[in-house]
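Hi,

Here is the structure I promised to pass on. Have a look at it first, and my notes follow underneath.

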Amino acid sequence: MILINSPEDFYGTEGGYMLEGIIIKGIGGFYYVLAGDKVYECRARGVFRKNKITPMAGDNVGITVSGDKGSIDEIFPRRSFLIRPPVANVDILVIVIAAQSPDPNLTLVDKMLVQAARSGIEAVICINKTDLAEREDIAAAYEKAGYRVISVSAEAKENLGALQELISGKITAFSGLSGVGKSSLLNLLTGAVMETGHLSARIERGRHTTRHVELIPVSGGFVLDTPGFSSLELPEMDESELEQYFPEIGGLSDRCRYRGCAHIKEQDCAVREALEEGKIAQSRYDSYCEFYKILKEKRNY
Ligand SMILES: Nc1nc2c(ncn2[C@@H]2O[C@H](COP(=O)(O)OP(=O)(O)OP(=O)(O)O)[C@@H](O)[C@H]2O)c(=O)[nH]1
Ligand SMILES: [Mg+2]
Ligand SMILES: [Zn+2]
């Protein structure tokens, strides 16, 4: 951690001066650091490579700058980090699902929820393209689990205010399958509060071409567009830990007959009772069982 006490401390080793900023994007070994209202093109010091630390978008960093170039001297401790997309210090993960085209992949959504919970990041479900179809079933599945669900349409500009409110003052990552409308939503959200339009983003819109992770300043925080992806590894853990990351399952395990109930075949299982009563969605329970099996098999190698 760099502590700046006196004006002399502002001067770094190479005759430049030191600033604190945030990495808004990293491409091909260059990191773009926003400090104040300027963006500096930075290289990471060799020491990071040696220690196998890779700067990530979202990292708070100390940089030495001269002109509009600089070098990253320090990476400040991370509050959180995600692996897919690779980004540090995310406060909220918005998992975008399309009500229709592409078809929702709920297993992937549930994996992302596990990843977010394990990283200590709040997750919100956003159902886009409600102009094409209603997916009350999906909304209900996640609301029952205790997640916030926001249904929107980028096309019809419906209910965007709820997203706008959510992202204010936070770092929010938008994630989900390719084509669900992440970039479309972000263009609307950022365009609504930023005076200058994002031409490059607008050109990209509809082309399914988001390739890198980039933080866009908006409403006193940042939003991140991320490339769509269709598969994700479960984080490594013991299968008995899994229920913690399914709030509607973990919350019931006290009421199961057996301690350490896996909620799969055991008798007098409060989770399976809740499933039968419709208090837990079948799709969520199926994901839980599938992930449990995967984790158990992995551990038995
Ligand atoms: N009908 C309808 N189409 C939408 C909506 N939102 C986005 N689309 C369309 O869906 C397509 C994909 O949108 P994108 O915003 O590029 O999707 P993305 O999630 O950023 O995709 P990747 O960058 O590939 O991950 C585009 O043709 C959009 O015009 C919506 O609310 N309704
Ligand atoms: Mg995109
Ligand atoms: Zn049980």
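Which are the buried residues of H4? Keep in mind that this is a predicted model. The list runs Leu-160, Ala-162, Leu-163, Gln-164, Leu-166 and Ile-167. That leaves helix H4, which spans residues 160-167, mostly covered, with six of its eight residues buried. Right after H4 comes Gly-169, and its phi is positive, at about 75°.

Now for the ligand. There are 20 residues around ligand 1, and the ones that come nearest are Asp-131, Ser-178, Gly-179, Lys-182 and Ser-184. If you sort the shell by class, you get eleven polar, five nonpolar and four charged residues. Helix H5 (residues 182-193) is the element that gives the most to this shell, contributing three residues.

A few polar pairs are worth pulling up on screen:

- Lys-182: an N or O atom in its side chain sits 2.8 Å from an oxygen atom of ligand 1.
- Asn-128: here the partner is a nitrogen atom of ligand 1, 3.1 Å from an N or O atom of the side chain.
- Val-180: a polar backbone atom lies 3.4 Å from an oxygen atom of ligand 1.

As for how covered the ligand is, ligand 1 taken alone exposes 660 Å², and the protein buries 87% of that.

So Lys-182 turns up twice in these notes, once among the residues that come nearest to ligand 1 and once through its side-chain pair with a ligand oxygen.

Cheers

Technical notes: Residues numbered from 1 in each chain as written. Chains lettered and ligands numbered in written order. Predicted model: local features only at pLDDT ≥ 70, side-chain atom pairs only at ≥ 80, totals over all residues. Heavy atoms only, no water. Near = heavy atom within 4 Å. Polar contact = N/O pair within 3.5 Å; in protein donor to acceptor, adjacent residues only side chain to side chain. Areas by Shrake-Rupley, 256 points an atom, 1.4 Å probe, with all protein chains shown as cover. Helix = DSSP H or I, 4+ residues; strand = E, 2+ residues; numbered from the N terminus. Nonpolar A, V, L, I, M, F, W, Y, C, P; charged D, E, K, R; others polar. Buried < 20%, exposed > 50% of the residue type's maximum accessible area, 1.4 Å probe, protein only.
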